[in-house]
Amino acid sequence: MDESERAVEREPRREVVEGDVVEVTVTDLPGAGYRWEVRQVPHGLTVLEDEWAQPDPPPAVGAGRARVLRLRADQAGEYVVRLELRRPWEAVPARVSEVPVSVTAAGRP
């Protein structure tokens with residue numbers, strides 16, 4: 001199966017105001033070599049941080065490890081952030097997820 005045939009998981013829409021920070025929590029599988037990568041960040045959003053939510057390694061071999069991605073909403077608009085769970089040496093991601101983000105201009109309802 002190539003990437004074009006892979007089902008894309010859609011996350012719930014995040015609604016924010018310009019200047020707000022959007023948090024996306026993902027679960028990597030470091031023991032198996034899988035890590036979520038931000039594959040597409042549209043103009044209008046900026047990645048601020050990408051850090052472990054759990055500072056210590058997971059308690060069991062093969063357990064997932066939570067990471068938090070923080071994106072700043074720089075400009076009003078409708079955006080989609082594309083994430084792929086992959087191993088660096090594989091061409092095809094194991095999973096694909098899209099996070100829709102709706103940004104309203106500051107000072108407008």
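1. Before we get to residue pairs, a quick definition: two strands count as paired if DSSP finds at least two bridges between them. With that in hand, and bearing in mind that this is a predicted model, take V21: its bridge partner in strand 6 is R72.

2. That V21–R72 bridge belongs to a wider pairing. Strand 3 and strand 6 (residues 65-73) run antiparallel, and eight bridges join them, so the cut-off of at least two bridges is met.

3. Now zoom out to the sheet. Strands 3, 6 and 5 make up an open, three-stranded sheet in the order 3-6-5, with antiparallel pairing. At the edges sit strand 3 (21-28) and strand 5 (45-52), each of which pairs on one side only. Going from one strand to the next, the twist averages 20°.

4. On overall make-up, you won't be hunting for helices here: the protein chain has zero of them, against eight strands. Reading along the sequence gives β-β-β-β-β-β-β-β.

5. The contacts are worth a look too. Take those in the protein chain between residues at least 6 apart in sequence: 72% of them join residues at least 24 apart.

6. Last, burial and surface. Of the 109 residues in the protein chain, 34% are buried; the cut-off for that is under 20% relative accessible area. The accessible surface of the protein chain is about 6500 Å², and carbon and sulfur atoms account for 49% of that surface.

Conventions: Residues are numbered from 1 along each chain as its sequence is written. This is a predicted model: local features need pLDDT of at least 70, side-chain atom pairs count only at pLDDT 80 or more; totals for chains, interfaces and linings use all residues. Side-chain values use heavy atoms; hydrogens and water are left out. Helices (H or I, at least four residues) and strands (E, at least two) are DSSP runs, numbered from the N terminus. Axes are lines fitted to C-alpha atoms, for helices over the stretch in contact, and angles run from 0 to 180 degrees between N-to-C directions. Buried means under 20% relative accessible area, exposed over 50%, partly exposed in between (1.4 Å probe, protein chains only). Contact means heavy atoms within 4.5 Å. Accessible areas come from the Shrake-Rupley method with a 1.4 Å probe; for residues, only the protein chains shown count as cover.
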